[in-house]
2 protein chains.
Amino acid sequence: MSSQAAHNTLLIPGPIEFDDAVLQSMSHYAESHVGPAFVKTFGETLTLLRKLFQTTDPAAQPFVISGSGTLGWDIVAANLIERGEDALVLHTGYFGDSFAAALESYGAKATQLKAPIGDRPQLSEIEAALKEKPYKIITITHVDTSTGVLSDIKAVAELVRRVSPDTLVVVDGVCSVGCEEIDFDAWGLDVVLTASQKAIGCPPGLSILMLSGRAINVFKTRKTPPASYYASIANWLPIMQKYEAGSPSYFATPPTQLVHALHTSLSSITAKPVSERFAIHTQASDKVKAAVAELGLTQLATKPENQAHAMTAIRLPEGLIAPDILPGLLKRGVVFAGGLHKEIAPLYIRFGHMGVSVTDPNRKDIDGAIVALKEAYAEARKAKGL
Amino acid sequence: MSSQAAHNTLLIPGPIEFDDAVLQSMSHYAESHVGPAFVKTFGETLTLLRKLFQTTDPAAQPFVISGSGTLGWDIVAANLIERGEDALVLHTGYFGDSFAAALESYGAKATQLKAPIGDRPQLSEIEAALKEKPYKIITITHVDTSTGVLSDIKAVAELVRRVSPDTLVVVDGVCSVGCEEIDFDAWGLDVVLTASQKAIGCPPGLSILMLSGRAINVFKTRKTPPASYYASIANWLPIMQKYEAGSPSYFATPPTQLVHALHTSLSSITAKPVSERFAIHTQASDKVKAAVAELGLTQLATKPENQAHAMTAIRLPEGLIAPDILPGLLKRGVVFAGGLHKEIAPLYIRFGHMGVSVTDPNRKDIDGAIVALKEAYAEARKAKGL
């Protein structure tokens, strides 16, 4: 890690530690956004996304847009649903509430199906909800970063196709793309939106989406124009298509350095079968979750099938709150995140284990963090007389 | 320029050549977006923007958001004007049409006051238009990158305050902030929106705005909620205020590396009086424009007072089009841009002269480009038998 100054190991659920080569791409020299060199880089980046999402359907369409992951919600809300139409939002934490708020900003009616903290809505509940009224879209947070709960998007998509085939299946994959299995075509997904700074391993600043041909068609047959300018698919679709076909086109200046970094990151990720990448994340996750259990600690996500593979939300025992243990971790050079779920924020901490921290065999980030967790936890208990 | 690989000199009207230190900041190691180190960097960056915009009014509010400059139009359209309200758009090229389109996406009624190509609407015309109906906002492209036309925003703002004091003065400063004088408080401006990749000298990917207290108040007294989620001031205002006050807050993950680069760039810019920076850009512009005249070439902006100081739009003589001369420039290591104004795109070329290319005395970018222009122009004429 020679090019990076010594720093604490960042093991929050994003941004994550970055590979040297990715960071070097961030300092790429100035380049015209419509010149042939950048056109090639951007076009290849879009094609590499198809590989990451395991889609070979030519009707599927990748988008890379300057913005945070949040922008992806606006792109869905402004283009794929119209004022007064219904959205079913599966809620597994903070990000369900936020997605619903984004949809409502554009006049959609968002119905949330909420699970208890640490759980996810059951398929039977989702089926019942889908039969109540025709939903234009259903949204699923693949991994809710606030709880570490993993949703079974394959099963939900199957259910939707069976009981409400016109409903678009929209996956918030901000904390899942690059670490959890996603088989875009085979699972019949319509939208997966994500951001650059989590398991894709590129600095923050890119909103990334994959849309199915069905989603593009829903957009094209809207009764009203898109309810945004910057988030309008009408403005971005020709740009993405032209760059991928090798020609420049202008709507807004793309973030050239971030696109270079994404290109570097995706080239590395897709150089091996993505299934291997998912398996490595599962192994690291198993190791972390075993260590957490060994300490007598529990997770917010109690059922194994609900547990994300790239982060662990660790519930603290009574008498301890996040500020009691995070400084002890930091003292040992490890940065975890505090809680985010508003009802229980101080009562848990979050350990992100994704990207180079788990895939680079030269790094000992996870083993080191487990040791730090054991020590900091013991120290915190002792300080509180527990 | 040791850290940058050898490359052609980028002299388009943005992105521009970047300083080594700025590019090094782009590869900053991973950092938590809510950790104290980044909070300090982001907070200082917002404060430095106040200095660049020459505002000391505590009610003025800077914003730095992940996105391209285009996002600034959405922020204006979704927050400062409501469905059915009127906007007066002063048109000096391509970007007037685009700003009008952005406003109309949100249901505003945009009336464009168009000048002939290369000119700008006259104050008397603007005054007459303002007296016709109550406009919620007036938008002015400070420098229209498609034509190189400079608008007199100080005079327009004075006029608005006199004849239509409730109208918000909104300046598109994408190609002017950092190179053209802007005295935010003294001139009574309400919004200046810009992007990172032009005269601010930071890679693309940041939407930057300064809003007056009056603009914030117009937002706060809206009758309807903001018509966007990602572009909602309601979501971003508390974030900006908290970071500048030294506390973290979360709405969407900020682009940490780009913010570091902006911090580096703004620290360098504001280390000297900004008036010196504007003067250096004027000197470089005078040199370029004299060289253009010496070649017998004219500018799209024919009147000296209409001419931008950070770019020159050079009209080609009959018989020559942009593809006849751009390759000759490239052969000499210089990248200019082609035309962008749809009515005359092939008939002119654009030479950007801003940022380190004019402020760094060790660089000979402008002198080199003038020599290249002379040679490539002679070569192109010869090839066409002119």
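**Exercise 1.** Leaving aside its neighbours within four places in sequence, which residues is Phe42(B) in contact with?

*Solution.* Start with the ground rules. The model is predicted, so local features need pLDDT of at least 70 and side-chain atom pairs count only at pLDDT 80 or more, while totals for chains, interfaces and linings use all residues. Residues are numbered from 1 along each chain as its sequence is written, chains are lettered from A and ligands numbered from 1 in the order in which they are written, and side-chain values use heavy atoms, with hydrogens and water left out.

Step 1: take contact to mean heavy atoms within 4.5 Å. Step 2: with the neighbours within four places in sequence set aside, Phe42(B) is in contact with Val64(B), Met240(B), Tyr243(B), Pro254(B) and Val259(B). Step 3: place the residue. Phe42(B) belongs to helix α2 of chain B; helices (H or I, at least four residues) and strands (E, at least two) are DSSP runs, numbered from the N terminus. Step 4: for a distance, use Val89(B), which is 47 residues from Phe42(B) along the chain, with 33 Å between the C-alpha atoms.

**Exercise 2.** Describe the aromatic pairs of Phe38(B) with Phe42(B) and with Tyr243(B).

*Solution.* Step 1: state the rule. Rings of Phe, Tyr and Trp (its six-membered ring) pair if their centres lie within 6.5 Å; planes under 30 degrees apart count as stacked, over 60 as edge-to-face and the rest as tilted. Over all chains this rule gives 28 aromatic pairs. Step 2: the ring centres of Phe38(B) and Phe42(B) are 5.6 Å apart and the planes stand at 40°, so this pair is tilted. Step 3: Phe38(B) and Phe42(B) are about one helical turn apart, because they lie four residues from each other in helix α2 (residues 36-52) of chain B.

Step 4: check burial, where buried means under 20% relative accessible area, exposed over 50%, and partly exposed in between (1.4 Å probe, protein chains only). Phe38(B) is buried at 0% relative accessibility, and Phe42(B) is buried at 2%. Step 5: Phe38(B) also pairs edge-to-face with Tyr243(B), at 6.3 Å centre to centre and 75° between the planes. Tyr243(B) lies in helix α8 (residues 233-244) of chain B and Phe38(B) in helix α2, so the pair ties together parts that are 205 residues apart in sequence. Both Phe38(B) and Tyr243(B) are buried.

**Exercise 3.** Describe the surroundings of Arg350(A) and of Arg50(A).

*Solution.* Step 1: Arg350(A) sits in strand β15 (residues 348-352) of chain A and counts as buried, at 9% relative accessibility. Step 2: the unreviewed UniProt entry annotates Arg350(A) as "binding site"; UniProt positions are given in the numbering used here, feature names are shortened, and annotations may be inferred rather than shown by experiment. Step 3: a polar atom of the Arg350(A) side chain lies 2.8 Å from the backbone oxygen of Thr145(A). Beyond four places in sequence, the contacts of Arg350(A) include Leu11(A), Ser146(A), Met311(A) and Phe336(A).

Step 4: turn to Arg50(A), in helix α2 (residues 36-52) of chain A. Arg50(A) is buried, with 16% relative accessibility. Step 5: the side chains of Arg50(A) and Glu244(A) are joined by a polar contact of 2.8 Å. A polar contact is a pair of N or O atoms within 3.5 Å; within protein, one must be able to donate a hydrogen and the other to accept it, and residues adjacent in sequence count only if both atoms are side-chain atoms.

**Exercise 4.** State how chain B is related to chain A, and how confident the predictor is.

*Solution.* Step 1: a rotation of 180° with 0.0 Å of shift along its axis superposes chain B on chain A, with an RMSD of 0.0 Å. That is the relation of a two-fold axis. The superposition is by least squares on the C-alpha atoms of residues with pLDDT of at least 70 in both copies. Step 2: among the residues of chain B, Gly67(B) comes closest to the rotation axis, at 2.2 Å (C-alpha). The same surface serves both copies, as 100% of the contact residues of chain B recur in chain A.

Step 3: pLDDT is the predictor's confidence in each residue, from 0 to 100. Chain A averages 97, and 99% of the residues score at least 70. For the complex, the predictor gives an ipTM of 0.98 and a pTM of 0.98.
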